[in-house]
Amino acid sequence: MRKKKKICLKCKKDIDDKDLHKIVIYVIQEQFTEHHYEHVECPDRFTI
């Protein structure tokens, strides 16, 4: 089994399997064009 690395579009960091993330898909003229992943909350944006 090969895993494709997921990289957050916002913060450019790797997304681990345990990280909450979403897939963003672009559809133009009813055709799937591209997709990318984003953290639901980017690690840099967490507040303590």
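Buried means under 20% relative accessible area, exposed means over 50%, and partly exposed is in between (1.4 Å probe, protein chains only). The model is predicted: local features need pLDDT of at least 70, side-chain atom pairs count only at pLDDT 80 or more, and totals for chains, interfaces and linings use all residues. Residues are numbered from 1 along each chain as its sequence is written, and side-chain values use heavy atoms, with hydrogens and water left out.

**Exercise 1. Describe the fold and its surface.**

Task: State how many helices and strands the protein has, and give their pattern.

Solution. Take helices (H or I, at least four residues) and strands (E, at least two) as DSSP runs, numbered from the N terminus. The protein then has zero helices and four strands. The order along the sequence is β-β-β-β. Next, take burial: 17% of the 48 residues count as buried. Last, take the surface, using the Shrake-Rupley method with a 1.4 Å probe, where for residues only the protein chains shown count as cover. The accessible surface is about 4,600 Å², and carbon and sulfur atoms hold 53% of that area.

**Exercise 2. Analyse the pairing of strand 3 and strand 4.**

Task: Find the sense of the pairing, the number of bridges and the turn.

Solution. Two strands pair if DSSP finds at least two bridges between them. Strand 3 (residues 21–28) pairs with strand 4 in the antiparallel sense, over eight bridges. Strand 4 covers residues 31–39. The two strands form a hairpin with two residues between them. In that turn, Q29 has a positive phi of about 50 degrees. One bridge joins H21 to H39 of strand 4.

**Exercise 3. Compare two histidines of strand 4.**

Task: Decide whether H36 and H39 are buried or exposed, and list their contacts.

Solution. Contact means heavy atoms within 4.5 Å. H36 has a relative accessible area of 12%, so H36 is buried. Leaving out residues up to four places away in sequence, H36 touches L9, K22, I23, V24 and Y26. H39 is also in strand 4. Its relative accessibility is 3%, so H39 counts as buried. With the same sequence exclusion, the contacts of H39 include C8, C11, D14, I15 and H21.

**Exercise 4. Place Y37.**

Task: Identify the core that holds Y37 and the charge over its ring.

Solution. A nonpolar core is a set of buried Ala, Val, Leu, Ile, Met, Phe, Trp, Tyr and Cys residues joined through side-chain atoms within 4.5 Å. The largest one has five residues: C8, C11, I15, Y37 and C42. Beyond four places in sequence, Y37 touches residues including K6, I7, C8 and I15. A charge sits over a ring if NZ of Lys or CZ of Arg is within 6 Å of the ring centre and within 35 degrees of the ring normal. The charged end of K6 sits over the Y37 ring, 5.5 Å from its centre.

**Exercise 5. Examine K12 and D14.**

Task: Locate K12 and D14, and classify their exposure.

Solution. K12 lies in the loop between strand 1 (6–7) and strand 2 (14–15). K12 has 56% relative accessibility, so K12 counts as exposed. Its phi is positive, about 65 degrees, although K12 is not a glycine. D14 is in strand 2. D14 has a relative accessible area of 38%, so D14 is partly exposed. Past its neighbours within four places in sequence, D14 contacts K5, K6, I7, D19 and H39. The C-alpha atoms of D14 and Y37 are 9.8 Å apart, with these positions 23 residues apart along the chain.
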